[in-house]
Each structure stands twice: as C-alpha cells, then as structure tokens.
Protein chains: 2
Amino acid sequence: MNVSTSEKILDVAESLVVAGGYNGFSYADISDAVGIRKASIHHHFPTKAELVEVLLDRYVQRAVSGLKALGEQVTNPAKQLEAYLGYWQSCILDASQPFCVCAMLASEMQMLPEEVAAHVRAHFRNLAIWVRSVLEAGVEQGLFSLSAPPEQEAEILIASVHGAMLSARALGKPDVFSAIVSPQLARLMTPR
Amino acid sequence: MNVSTSEKILDVAESLVVAGGYNGFSYADISDAVGIRKASIHHHFPTKAELVEVLLDRYVQRAVSGLKALGEQVTNPAKQLEAYLGYWQSCILDASQPFCVCAMLASEMQMLPEEVAAHVRAHFRNLAIWVRSVLEAGVEQGLFSLSAPPEQEAEILIASVHGAMLSARALGKPDVFSAIVSPQLARLMTPR
DNA sequence: AATTACCTACCTATTAGTAGGATGGCATTC
DNA sequence: GAATGCCATCCTACTAATAGGTAGGTAATT
C-alpha cells in the first residue's frame, strides 16, 4: 500500500501509454488518475519526455530481470519460452496489460524524442538476444529444431508476438493472440 | 498533376497517420504540407474523425481492389503471396510508406472513434479472408503444405508481416522486414 | 536552514472547430 | 449574349479547450 507518488505516476503513465501511445495521454490524464495536481507531476518528472524515459527504463529493467529470474527458476529452454509467451497471453486475456509498452512506442518511433526512441531500440535488441540464447540452448539440448539461424528465428518469434498483439487488439479478440503464437512455438519444438 | 485538393489532403493525412498515428498529427500539419488554410480543410472534412474515416475507406478500398487485381493478373497463389509481401518490402525499403495505416491505427484502437475503429477491424478481416483463400488455393494446387488450418495460418502470416514492420521500425533497419517475412513464406512452400 | 512534496495561479502554444466574407465558375433566365 | 443567382472553394478572424510547462508559495521532514 505504501507506494510512492512517483511510482503511482509511473504506473498510471505506463497504462496510459499502453492504451494510446506517447501522444495519446497528457499530464492532465495522469493528474486525474493519481489525484494530484498537474504541477506536482512536473515536480517529479520535469518534462513528458523525461517521464516516459524513466518509465521505459523501469519497464526495460523489469523485463531484463524478469527474464533473468525466469532463467534461474526454469532451466528447460522450451519451458522458458512457454513462460514468456504465457505471460503475455494472460496479460492480454485478463486485459491487465494488453500490449507491450515498447511495441506501442515502436509504432510511433518517428515522432519520439531521441532518448525515448533509444530505449525502445534497446528493448528490442535485449529481447532478441534473450530469445536467441534460449533458442540456442534449446537446440543444444535437442529440444528445438530451427529452420533458420537462431538470430533470425528469434526475430521471427518476436515479430509474431507483437503482430499477434496487434491482431488481437484490432479484432477485439484476445484469444487470437494464442492462436497465432502457439503454432509458432509448436513449430520450433517439432522434432525433425 | 490535376489532383483535387481533397485528394491532396487525404494523401498528406495518410502519410501523417503512417508516421505518427491518429493523435500524432493535426490540421495544422496538413495545412502546412498542402499549402491551404486550416479552415479550408474543415470545408472538405468537417471533423478529424470524418477525415480519417474517409482516408481509411479509401485505403481499405484500394487494398481490396489491389488484391483483387493481383488475383486476376497472377494466378499462381505462391506468386500472389510473394507479390503481397514484396509490395510491403519495397515500401519499407524505399521508406515511401514504411507502415500499414491500419496496423498503425490498430495499436491505438482503444482511443479511436468507433467509426474509425470499425474500418480498422474490417481491414484486418478482409486481409485474413484474402490470405486464407490464397492459401487454400495453393494447397489445392499442391504448392503449400500447411501445419495448421488455413484460417490460422493466414492469421500467423498477417501477424508476421505487422510484427516485422514493427521490428524494422523499432530497430531502424528496413531489411529486418524481409529477414522475418521470407522464412515464413518459405516455410509454407516447403514441400512435405 | 534546507529540502521535499505538494499546492494555486498562471503562461504560451496548439488543438479541433466555427462564423462569415471574398472569389470565381456554371447554369438558368431573360 | 448579358444578367442572374447559386454553390463550391478558399480565405481571415475568431473561439473554447487543452497541451506542456513555470513561478512562487505553504507545510511538513530532515
């Protein structure tokens, strides 16, 4: 319960970004949701760009440590991928966070302040590195059979995840997400 | 050269939507690009929602007739898919239209006026139907071997395309698009 | 005494949108 | 064929609301 105001601001801002992107929310929206005056938000985050930068920093950091923790907790690469995809599936199904913050911002890339854009790029690279390493470990253990280099297979899987989010959102059907993603995972695990 | 003002407005608005989405542009931006006063844009399109609605109508209609023309011109289903993917690949490579208007708006779905959202949904459905029918024709001719029902394979391909657009934009590397999409197409065409 | 967190009150620029006037082409009427 | 009225296009000039951001003050901690 004892969560600081700046955390509350970041939480609200994050969900607003997920809903409508960088240009889809204002300090007034945050003000309403948090129950604090606009000027007070500026006290914590002088500019909108800085706010989103911190928000992204937190998001990317959380993703990194989340995936790292997953790696320590679950050793089977196949189960690791399942957990990653399952995470998003449940977020989308219960509508708690029906879109990746970075995927959202990626679509607005051309209009983002450079510092924000850099964070988005970093997330995409981090994610690709993680998926790639999981795929490589899985191949080594004979769990996956890839039809392309692991680097490329990683990009394909990531694109499928983001594309599936888009389709699910566009059609207003959360279950579309797993209909797209599950076969992609199954394909990797199919024994040759 | 003799293109009407309202066409110019729609052209400019379309490229602005591609760049930054619904909330990423204003009548002032259009005004600057077209060389006409803001009020004159309101003469052609009373509200922003109506403007984007007409824009989307045009876009979706163009897509439908484009795909239909493709079907009449190219009979081989494999070549049809290649042409569809190649279209986007060249758009992204030469940066002429580095994103699908509907994919862009799909990410903002939650904040869109309902009429606009309906058009976006329609495009996703149309596209799925087209891809599905091409896949079915290809299977019948022994060109494709699907590992999931054609409906699902269509959704997968569409998600890959949109996800690939996102990744290419996020990373600032246009060639990422075909690195993701080509193997997906190859996979469908792989003989059993 | 200084700092943190919040406030009221304000600022300027921009947003979508409106009111009403000027221009100019086109069809109807005389 | 000239005068008529009409209507589409575009304009200047405005509006109210909202955008991101600032100035300066208060009250409680440190």
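How far is a phosphate oxygen of DNA strand C from a polar backbone atom of A:R37? The answer is 2.9 Å, and the rest of this briefing works outward from that DNA contact. This is a predicted model, where local features need pLDDT of at least 70, side-chain atom pairs count only at pLDDT 80 or more, and totals for chains, interfaces and linings use all residues. On bookkeeping, residues are numbered from 1 along each chain as its sequence is written, chains are lettered from A and ligands numbered from 1 in the order written, and side-chain values use heavy atoms, with hydrogens and water left out.

**DNA strand C**

- There are 17 residues around DNA strand C, and A:T5, A:R37, A:S40, A:H44 and B:K48 come nearest (a residue is near if one of its heavy atoms lies within 4 Å of the strand).
- Sugar and phosphate make up 59% of the strand C atoms that come within 4 Å of the protein.
- A:H44 also goes for the backbone of the DNA: an N or O atom in its side chain sits 2.6 Å from a phosphate oxygen of strand C (polar contacts are pairs of N or O atoms within 3.5 Å).
- B:H42 has a base as its partner, with a side-chain N or O atom 3.2 Å from a base nitrogen of DNA strand C.
- α3 (38–44) of chain A, plus α2 (27–34) and α3 (38–44) of chain B, each supply at least two residues of the surface near strand C; helices here are DSSP runs of H or I, at least four residues, and strands are runs of E, at least two, numbered from the N terminus.
- α3(A) gives the most to that surface, with four residues.

**The annotated span**

- UniProt, in an unreviewed entry, lists residues 3–63 of chain A as "domain: HTH tetR-type"; such annotations may be inferred rather than shown by experiment.
- That span is 77% helix and 0% strand, and its end C-alpha atoms lie 20 Å apart.

**Two copies, one axis**

- A turn of 180° with a shift of 0.0 Å along the axis lays chain B on chain A with an RMSD of 0.0 Å (least squares on C-alpha atoms of residues with pLDDT of at least 70 in both).
- The two copies are therefore related as by a two-fold rotation axis.
- In chain B, the C-alpha of B:G163 is nearest the axis, at 2.1 Å.
- Both copies use the same surface: 100% of chain B's contact residues recur in chain A (contact means heavy atoms within 4.5 Å).

**Helix α8 of chain B**

- The 22 residues of α8 (residues 150–171) should span 32 Å at 1.5 Å a residue, and the end C-alpha atoms are 31 Å apart, which agrees (expected span is 1.5 Å times one less than the number of residues).
- α8(B) is mostly covered, with 19 of its 22 residues buried (under 20% relative accessible area, 1.4 Å probe, protein chains only).
- Just after α8(B), B:G172 takes a positive phi of about 70°.

Methods
Buried < 20%, exposed > 50% of the residue type's maximum accessible area, 1.4 Å probe, protein only. Polar contact = N/O pair within 3.5 Å; in protein donor to acceptor, adjacent residues only side chain to side chain.
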